[in-house]
Amino acid sequence: MNPVQLAQVGTGDWGANLVRNFASLPEGKLALLCDTDSQRLARAAKMAPGARTTTDPEDVAKDASIEAVAIAAS
């Protein structure tokens, strides 16, 4: 079975915790990270090597490969 392709929108305090946890799941692949703050996004990307990054939430919505999205607002 292929891992679920995950996206994380928001990589602030709570989002960073989610990124760390999602990156360790064998059943999922953290494929896409999104945050409008490029510095937070860069920090989160270090926890999820191989994940693509974007500052535009529309990119997440348009990506047909993404099967699940988590949103963290703070």
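**A four-stranded parallel sheet and its helices**

In this predicted model, Val9 has Ile71 as its bridge partner in strand E4. That pairing is part of a wider arrangement: E1 and E4 run in the parallel sense and are held together over four bridges. A little earlier in the chain, Gln8 sits opposite Ala70 in E4. Strand E4 itself covers residues 68-71.

Stepping back to the whole sheet, four strands line up in the order E3-E2-E1-E4, forming an open sheet with parallel pairing. E3 and E4 take the edge positions, and each has a single partner strand, so one side of each goes without a neighbour in the sheet. From one strand to the next, the twist averages 25°.

The E1 and E2 pair comes next. Strand E1 spans residues 4-9, and six bridges tie it to E2, with the two running parallel. Leu6 finds its bridge partner in E2 at Leu30, while Gln8 stands opposite Leu33 of E2. Gln8 therefore faces a residue in E2, namely Leu33, as well as one in E4, namely Ala70; this goes with the strand order E3-E2-E1-E4. To get from E1 to E2, the chain passes through helix H1 (residues 13-23), and the resulting β-α-β crossover is right-handed.

On the other side of E2 is strand E3 (residues 52-54), joined to E2 by three bridges, again running parallel. Here Cys34 stands opposite Thr54 of E3. Helix H2 (residues 38-47) belongs to this part of the fold: together with E2 and E3, H2 makes a right-handed β-α-β unit.

How do the helices sit on the strands? H1 lies across E1, E2 and E4, and runs at about 165° to E1. H2 lies across E2 and E3, likewise running at about 165°, in this case to E2.

As for burial, strand E2 (residues 28-34) has six of its seven residues buried, so E2 is largely enclosed by the rest of the structure. E1 tells a similar story: five of its six residues are buried, so E1 too is largely enclosed by the rest of the structure.

One residue outside the strands is worth a look. Ala72 is found in the segment after E4. Is Ala72 buried or exposed? With a relative accessible area of 13%, Ala72 falls under the 20% cut-off and counts as buried. Leaving aside residues up to four places away in sequence, Ala72 touches Gln8, Val9 and Gly10, along with Trp14, Gly15 and Leu18. Of these contacts, Trp14 is 58 residues away along the chain, yet its C-alpha atom and that of Ala72 are separated by 6.2 Å.

Notes: Residues numbered from 1 in each chain as written. Predicted model: local features only at pLDDT ≥ 70, side-chain atom pairs only at ≥ 80, totals over all residues. Heavy atoms only, no water. Buried < 20%, exposed > 50% of the residue type's maximum accessible area, 1.4 Å probe, protein only. Pairing = 2+ DSSP bridges. Right-handed = clockwise from strand over helix to strand, strands pointing away. Contact = heavy atoms within 4.5 Å. Axes fitted to C-alpha atoms, helices over the stretch in contact; angles between N-to-C directions.
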